[in-house]
Amino acid sequence: MDQAGAAGAERFEAERAKMVIEQIEARGIRDARVLEAMRRVPRHELVPAELRERAYQDRALPIGHDQTISQPYIVAVMSEALALRPGDRVLEVGTGSGYQAAVLAELCSEVYTIEIVPELAARARTDLTRLGYQNVRVRQGDGYRGWPEYAPFDAVLVAAAPDHVPEALVEQLALGGRLVIPVGGPAQELVLLTRTEEGVERQTLMPVLFVPMRGEAEVDAGDRP
Ligand code: SAH
């Protein structure tokens, strides 16, 4: 890295440390591993070049194709809710920029992530490789039916909102596994499902605003619990 590049990286690192203190810790996220992961992942490397200066702001940002990179705080909430252990294998639906996938990659051993927009899938794959994330596999396609070849997963994170919880994603959870997903539309709730011996426990976390899940979720939409 040249001198200007090194100074830039240092400045972004300082902005990132500030982001974690002011946006994440101040709002009650306590999981030390999640905080450390968010201090490490270079969010400015995963947003469009013209938005780099705004990468650490307290908001979602556009990444093209009508999609967004999630607000840092929401990424932290979802990551904490999954209570990941270092050996876990995680499925993500909605790769987008690859930022959430990178945070997950810092927290567990394998990340499988699916993105429906071909250009975004290709870009995330390139960016995650460039940043050295060797434990993330990106697939282009509809994540509604999960990724059965690699199931079961210890955790599943969904970053686009369907109006019902896709059954396949629950089925691909290991026993004790956790699924965090925004459900509903236009107003959505972030829901945490835990697979237990007895069945599935459901907990509502907070109101959220995600882009709608596209593909089969729309065809299969309807009045469901
Ligand atoms: N986790 C992302 C957030 C991306 S926003 C990040 O950190 O940047 C949600 C993403 O879900 C969008 O990129 C959208 O194209 C994608 N998406 C929507 N429906 C999908 C589906 N059925 N399968 C896979 N990806 C989907």
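**Around the ligand and beyond**

A backbone N or O atom of Ile-116 lies 3.2 Å from a nitrogen atom of the ligand. This is a predicted model, and the ligand is a good place to start reading it.

Two further polar contacts can be named. Arg-214 offers a polar backbone atom, 2.9 Å from a nitrogen atom of the ligand. Ser-97 uses its side chain: an N or O atom there is 2.6 Å from an oxygen atom of the ligand. How much of the ligand does the protein bury? The ligand taken alone exposes 580 Å², and 99% of that is buried by the protein.

Where does the ligand sit? It occupies the largest pocket. The shell around the ligand holds 25 residues. Those that come nearest are Ser-97, Glu-115, Asp-142, Gly-143 and Arg-214. By class, eleven residues of the shell are nonpolar, ten are polar and four are charged.

Now the secondary structure behind that shell. Four elements are listed as giving two or more residues: strand β2 (67-69), strand β3 (89-93), helix α4 (99-107) and strand β4 (110-115). The largest share comes from β2, with three residues.

Strand β4 also leads to the aromatic pairs. Their count comes to five. One of them joins Tyr-112 and Trp-147. Why is this pair edge-to-face? The ring centres are 5.6 Å apart and the planes stand at 85°. An angle over 60 degrees counts as edge-to-face, so the pair of Tyr-112 and Trp-147 belongs to that class. Tyr-112 lies in strand β4, while Trp-147 lies in the loop between β5 (136-140) and β6 (153-158). The pair therefore ties together parts that are 35 residues apart in sequence.

Stay with the loop between β5 and β6. Pro-152 is found there too. A cis peptide bond joins Ala-151 to Pro-152, with omega at about 0°. A second cis peptide bond runs from Gly-185 to Pro-186. Its omega is near -5°. Pro-186 lies in the loop between β7 (173-183) and β8 (188-195). Why point these out? Most peptide bonds are trans.

One backbone angle is left to note. Most residues other than glycine have a negative phi. His-65 has a positive one, near 55°. Where is His-65? It lies in the loop between β1 (61-64) and β2. That brings the path back to β2, the strand with the largest share of the shell around the ligand.

Notes. Residues numbered from 1 in each chain as written. Predicted model: local features only at pLDDT ≥ 70, side-chain atom pairs only at ≥ 80, totals over all residues. Heavy atoms only, no water. Near = heavy atom within 4 Å. Polar contact = N/O pair within 3.5 Å; in protein donor to acceptor, adjacent residues only side chain to side chain. Areas by Shrake-Rupley, 256 points an atom, 1.4 Å probe, with all protein chains shown as cover. 1 Å grid on protein atoms, 1.4 Å probe; cavity = no way out; pocket = protein on both sides within 12 Å on 5 of 7 lines; lining within 4 Å. Sits in = over half its atoms within 2 Å of the grid points. Nonpolar A, V, L, I, M, F, W, Y, C, P; charged D, E, K, R; others polar. Phe/Tyr/Trp six-rings, centres within 6.5 Å; stacked < 30°, edge-to-face > 60°.
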